[in-house]
Amino acid sequence: MAAGCGVAAEECVGQVVLPGDVLCLPTHPDEDGERLRLGASPAPPTRLLCGPGLRRCDAGLLVTKCGLLRHRQAGGGAYWVDSQQKRYVPIKGDHAIGIVTAKAGDVFKLDVGGSEQASLSYLAFEGATKRNRPNVQVGEHIYGQFVVANKDMEPEMVCIDSSGRSSGMGIIGQDGFLFKVSLGLIRKLLAPKSEIIQELSQLYPFEMVLGMNGRIWVKARTVQQTLIIVNILEACEYMTAEQRKQAFAKLSGN
Amino acid sequence: FMQKGLDAQTKKELEEEEKKVINDEHWYLDVPVKKAKESFIVEERSFVVCEELLYGRMSFNGFNPEIEKLMIQMNSKNKKEEIEVDDKMEADVSDAEMARRYETLVGTVGKKFMRRRDQRVLMDEENCENIEIRPSKKAKKKFLKPRD
């Protein structure tokens, strides 16, 4: 590791970072007095979250993906790298939409867009027992979360949460339209106060399921409305805010 | 290995020799033990936790009322960080009543398993509460020296 301590993490927030950059964290309890910068946080952070794109190393945090460095102060502070990606890597705890490709005995094989197919046991549905099997056919869409997702094993999904309730997961119903977008757009849409979602919700009544693997399922009252929503969502990625507002204004005018 | 007739001291010496032999044969790391570094950095691979993303299933303008209810429930859980207070589980019987019942219960069930002798004592106790016959009954019969 030829690089020295590197740059302070706080300075890089919002800037582009490249793999191999070392970010050091300001207030270390073990550091000498000269290092301590008691500007923002007088007490050492109790629990710092090192998010995707970053890894822990001796000096501080090591960047492993290129992108913009983001920071959140709430809840002990978190740093992560906001990078653009189309290919999904299954991560434990993520909710994703899978398409059933095969039924192999007691297990369904789902295509989640990753390098391997995920497996889903038939008992992992709410109210499923050995006698009461869920009615899942090949080609159906399923919304579930990953319980096992690492680079050594085949990913596994379930459609119940830790208390045994489905809480919205399971087979996604009939009709509707499934399409794929990039992962960055999904995160934008799922952000707490997303303008796109707010504007869309004022257009028509509709229902939407967003999977972290880049898949979106939309259903509205008529086919035309569904297709309009799909086109807006696909185009949102490359439109600026103003262009989007213009598009919405045209639609609501019609 | 315990041999009879060995002194305690000789035994100790033999044990120590054994331990020494074993320790020399055992392999151990010569590297100085590194103190575990401050572990206040938690590695997280999911964006959901970092960016506090909302729940993925959404419905608008009443298209699917169940999902709208679910949205409110899941997203408020996300923001408020509900701490499940399961300290006091709902009990069918309150604590005070349990204590009262237990008091009486211990006596009644205990009586069933008492021996005959104790039962007689208990009955006498109950009958003659005012009269102090207890000390004389319970007092050991002292040895009475026979008169010449």
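Here are four worked exercises on a predicted model with a chain A and a chain B.

**Exercise 1. The contact between the chains**

Task: Find how many residues chain B and chain A bring to their contact, and how much area they bury between them.

Solution:
- Begin with the residues: chain B contributes 29 and chain A contributes 48.
- Next, look at the area. Together, chain B and chain A bury about 3,900 Å², and carbon and sulfur atoms account for 59% of that area.
- Then turn to polar contacts. Across the interface of chain B and chain A, 21 residue pairs are in polar contact, both residues of each pair being at pLDDT 80 or more.
- Now ask where the touching residues of chain B sit. Four elements of chain B each supply at least two residues to the side that touches chain A: strand E1 (41–43), helix H2 (47–51), strand E2 (57–60) and helix H3 (65–80).
- H2(B) gives the largest share of that side, with 5 residues.
- Finish with the classes: the side of chain B that touches chain A has 16 nonpolar, 8 charged and 5 polar residues.

**Exercise 2. Strands that pair across the interface**

Task: Work out in which sense, parallel or antiparallel, strand E16 of chain A pairs with E2(B).

Solution:
- Locate strand E16 of chain A at residues 206–210.
- Follow its pairing with E2(B): the two strands run in the antiparallel sense, over 4 bridges.
- Pick out one of the partners: Phe206(A) has Phe60(B) as its bridge partner in E2(B).

**Exercise 3. Salt bridges between the chains**

Task: Count the salt bridges between chain B and chain A, and examine Arg57(B) and Arg72(A).

Solution:
- Start with the counts. The structure holds 11 salt bridges over all chains, and the count between chain B and chain A is 3.
- Take Arg57(B) next: its salt bridge is with Glu207(A), and the closest N and O atoms are 3.7 Å apart. This distance is within the 4 Å cut-off for a salt bridge.
- Move on to Arg72(A), which forms a salt bridge with Glu52(B), with 3.1 Å between the closest N and O atoms.
- Place both partners: because Arg72(A) lies in strand E7 (residues 67–72) of chain A and Glu52(B) in the loop between H2 and E2 of chain B, the pair joins two chains.
- Compare their surroundings. Arg72(A) counts as buried, at 14% relative accessibility, while Glu52(B) counts as partly exposed, at 35%.

**Exercise 4. Salt bridges within chain A**

Task: Explain which parts of chain A are linked by the pairs Arg187(A)–Asp82(A) and Arg133(A)–Asp106(A).

Solution:
- The side chains of Arg187(A) and Asp82(A) meet in a salt bridge, at 2.7 Å from N to O.
- Arg187(A) is in helix H2 (residues 183–190) and Asp82(A) in strand E8 (residues 78–82) of chain A, so the pair ties together parts 105 residues apart in sequence.
- Arg187(A) counts as buried, at 6% relative accessibility, whereas Asp82(A), at 23%, counts as partly exposed.
- For the second pair, Arg133(A) forms a salt bridge with Asp106(A), and the closest N and O atoms are 3.8 Å apart.
- Arg133(A) sits in the loop between strand E11 (118–121) and strand E12 (141–148) of chain A, and Asp106(A) in the loop between strand E9 (95–104) and strand E10 (107–111); the two residues are 27 residues apart.
- Arg133(A) is partly exposed, with a relative accessible area of 45%, and Asp106(A) is partly exposed, at 41%.
- As a last step, trace shared partners: salt bridges join Arg70(A), Asp82(A), Arg187(A) and Glu51(B) into one network.

Terms used:
Residues numbered from 1 in each chain as written. Chains lettered and ligands numbered in written order. Predicted model: local features only at pLDDT ≥ 70, side-chain atom pairs only at ≥ 80, totals over all residues. Heavy atoms only, no water. Contact = heavy atoms within 4.5 Å. Buried area = accessible area lost by both parts, 1.4 Å probe. Polar contact = N/O pair within 3.5 Å; in protein donor to acceptor, adjacent residues only side chain to side chain. Nonpolar A, V, L, I, M, F, W, Y, C, P; charged D, E, K, R; others polar. Pairing = 2+ DSSP bridges. Buried < 20%, exposed > 50% of the residue type's maximum accessible area, 1.4 Å probe, protein only.
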